[in-house]
Amino acid sequence: GEYQVAREILTDPQSKKPPAIYNQMRYVNGSGDASMFTLNGKRWHAKRRACVPAFSSSRVRKMNSIALEHTEAFLELLRNGDGV
């Protein structure tokens, strides 16, 4: 299904990103430098491999609990009228 297609595009180092679309993404970080989102081939694979540990299941669980904590605190502020 669509999940498998997305996974293939995001993990296949041979997947080519259309320059007309992805060249604009180079300026998202403000510097215009290439990133994992705009690179292809070996350079893309090296960047992707470097960020894999940040998305281990234990780290994602930890991030989820931190995000939930902050979301609950924000909702409490909104309920009390102290929010944004």
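**Close-up 1. A nonpolar patch on the surface of this predicted model.** Start with F74, L75, L77 and L78, which together make a nonpolar surface patch of about 330 Å². Take L78 as an example from the group: L78 sits in helix 4, the stretch covering residues 57-79. How much of L78 is accessible? Its relative accessible area is 41%, so L78 counts as partly exposed.

**Close-up 2. A salt bridge between E76 and R79.** Here E76 pairs up with R79, and their closest N and O atoms are 3.2 Å apart. The count for the model comes to 1 salt bridge, so this view is worth a pause if you want to see how the two partners sit along the helix. E76 and R79 are 3 residues apart in helix 4, which means that about one helical turn separates them. Are the two partners buried or exposed? E76 is partly exposed, at 38% relative accessibility, while R79 has a relative accessible area of 59% and is exposed.

**Close-up 3. The largest pocket and its lining.** Now move over to the largest pocket, which holds about 220 Å³ of space. Which residues line it? Look for I9, L10, K17, Y22, M25, M36, F37, W44 and R48. Three elements each give two or more residues to this lining: helix 1 (2-11), helix 2 (19-25) and helix 3 (41-51). Sorted by class, the lining has 7 nonpolar residues and 2 charged ones, with no polar residues.

Methods
Residues are numbered from 1 along each chain as its sequence is written. This is a predicted model: local features need pLDDT of at least 70, side-chain atom pairs count only at pLDDT 80 or more; totals for chains, interfaces and linings use all residues. Side-chain values use heavy atoms; hydrogens and water are left out. On a 1 Å grid over the protein atoms alone, a cavity is a set of points where a 1.4 Å probe fits but cannot get out, and a pocket is an open set with protein on both sides within 12 Å along at least five of seven lines; lining residues have an atom within 4 Å of a point. Grid points are joined across faces, edges and corners, and a volume is the space filled by probe spheres set on the points. Helices (H or I, at least four residues) and strands (E, at least two) are DSSP runs, numbered from the N terminus. Ala, Val, Leu, Ile, Met, Phe, Trp, Tyr, Cys and Pro count as nonpolar, Asp, Glu, Lys and Arg as charged, and the others, Gly among them, as polar. Patches are made of residues with over 30% relative accessible area and no salt bridge: like charges are joined within 9 Å, nonpolar side chains (Val, Leu, Ile, Met, Phe, Trp, Tyr) within 5 Å. Accessible areas come from the Shrake-Rupley method with a 1.4 Å probe; for residues, only the protein chains shown count as cover. A salt bridge is a side-chain nitrogen of Lys or Arg within 4 Å of a carboxyl oxygen of Asp or Glu. Buried means under 20% relative accessible area, exposed over 50%, partly exposed in between (1.4 Å probe, protein chains only).
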